[in-house]
Amino acid sequence: MPKIYLIDVTNRDGVQTAKLGLSKLEKTMVNLYLSEMGVFQSEFGFPTTKHETNYLRANLRLAELGVIAPLRLEGWMRAISSDVELGFHMVPGLKHVNLSISTSNQMIDGKFKGKKTRKDVIREMTAAVDTAYRLGAATVGVNAEDGSRTDLEYLTEYGLAAREHGATRLRYCDTLGYDDPFSIYDTCRALAEAVGMPIELHCHGDLGMAVANSIAGARGVVDGGQDAYINTTLNGIGERAGNADLVATVLALTKSKSFAGKYELGNPIDLTKSWKIAKFASYAFGVPIPINQPGVGANAFAHESGIHADGVLKDPHNYELYGFEELGRGDPEMVETGREICAGEYSGISGFSHIMSDRMSWHFKNKEEAQEILELVRYANVLSHKPLVEDELLFIARYPHTAKRLLTVTPLEGSDVIDELFTPWPEDKDKVKETL
């Protein structure tokens, strides 16, 4: 039976949210946490965007060293051959890419303004796919932006053309959250049967149905005989009303009436990482987790009603579909109410060494090494505009050369300058297998 995989797009779609963003170190931590959780792939950024180059190359290097593994890293580009050529020039190590172009009449008429026809769209997409494979891509996904407002006949023609040129997946984008669970099931099942290739589901929450549409579409794809790939973001962060939330999607796939035990995930997901990754995303984006967020909200396991409290005390299954322990919750959280030494952009060596040794049991070889790491931590604080979490401090201490590249934001001109930054760096081979 075909399976369902998760592709998280926080580092591509989530960071496009108006008024929000992540530093390159924070984006790297997201990839590390996703990998720990067991997510199949991260859409980790934009290869054609200059300020992403250092981050993308550094993360591919971490993947090469086994630090980010088994998570696959995939870049997003427009389905234009010149963009693909630029992307592979700026980030030569790319192996997995998604290429996107609009397919609906609304977009073709309203965005392209008569400059492209439906045939032009397919011709540009297939040329971009060919270019990606010529430049070394291992997998190429093809996106139908505004797929939910594209007629099925044209979507099928588009998907078959992509398959003929070797595309590995077709991404069905409900770009405006226009679908409902019934319409997306029917469309995606028909599409899977017609094109004979795996289908990705990319759903937005403009009508509050991103998670429901994602799993309904995935069910349609699997029932149509193909693997399904659901796009998610952490805490549902995304453009406008957001995307399908990662944790809520996993819960729906593994706990709901029609899915539990009937539809199989392609990768085992460690739900106990949910609380940690949701808290980090909330802190990094500066957006509180909604009190009623499934699984990770403050009230997800709170009971006040007398009937509910009595029932849950007798047997938690009376009023809880899943246990808080499954989400990695239950441990007390410590809040410092006395003296606190913080690491920031103006920290000194004494306070920083105290934090690393006493709080995290990390000991530097000498004062020079401590000073070097402190300088990187200062820069990281400048870029994030907030204190670093412990995992970020440990990451910088373990991989200082990688951290230096993540923190390099000086505008670059010319490939020679970019290449100079990425000569092989001497990471400690004994440390690359350590988990954070």
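Which residues does Ser-35 touch, not counting residues up to four places away in sequence? In this predicted model, the answer is Ile-68, Ala-69, Pro-70 and Leu-71. Ser-35 itself sits in helix H1, which covers residues 24-37, and because its relative accessible area is 7%, under the 20% cut-off, Ser-35 counts as buried.

Before I go on, a word on confidence. The mean pLDDT of the protein is 93, and 94% of its residues reach 70 or more. The stretch to treat with care is residues 428-436, where pLDDT stays under 50, although the model has 22 contacts there beyond four places in sequence. Where pLDDT is low, the predicted coordinates should not be read in detail.

Let me turn to the annotated domain. The UniProt record, an unreviewed entry, lists residues 4-269 as "domain: Pyruvate carboxyltransferase". In the model, the end C-alpha atoms of that span lie 11 Å apart, and the span is 42% helix and 18% strand.

Now to the strands, with E3, residues 72-78, as the one to follow. Five of the seven residues of E3 are buried, so that this strand is mostly covered. On one pairing, E3 runs parallel to E2, residues 41-45, and four bridges join the two; on another, E3 runs parallel to E4, this time with five bridges. Gly-75 takes part in both pairings, as its bridge partner in E2 is Gly-45, while its partner in E4 is Val-97. The connections can be described in a similar way: E2, helix H2 (residues 53-64) and E3 make a right-handed β-α-β unit, and E3, H3 and E4 make a right-handed β-α-β unit as well.

What about helix H5, residues 118-134? With 17 residues at 1.5 Å a residue, H5 should span 24 Å, and its end C-alpha atoms are 25 Å apart, which agrees. The buried residues of H5 include Asp-120, Val-121, Ile-122 and Met-125, and further along Ala-128, Val-129 and Ala-132. Among the elements that cover these buried residues are helix H3 (81-90) and strand E4 (96-102), together with helix H4 (105-110), strand E5 (139-145) and helix H6 (152-164). H3 and E4 therefore appear twice in this account, once in the unit with E3 and once in the cover over H5. After H5 comes Gly-136, whose phi is positive, near 115 degrees.

Conventions
Residues numbered from 1 in each chain as written. Predicted model: local features only at pLDDT ≥ 70, side-chain atom pairs only at ≥ 80, totals over all residues. Heavy atoms only, no water. pLDDT = per-residue confidence, 0-100. Contact = heavy atoms within 4.5 Å. Buried < 20%, exposed > 50% of the residue type's maximum accessible area, 1.4 Å probe, protein only. UniProt positions renumbered as here; feature names shortened; annotations may be inferred. Expected span 1.5 Å × (residues − 1). Pairing = 2+ DSSP bridges. Right-handed = clockwise from strand over helix to strand, strands pointing away.
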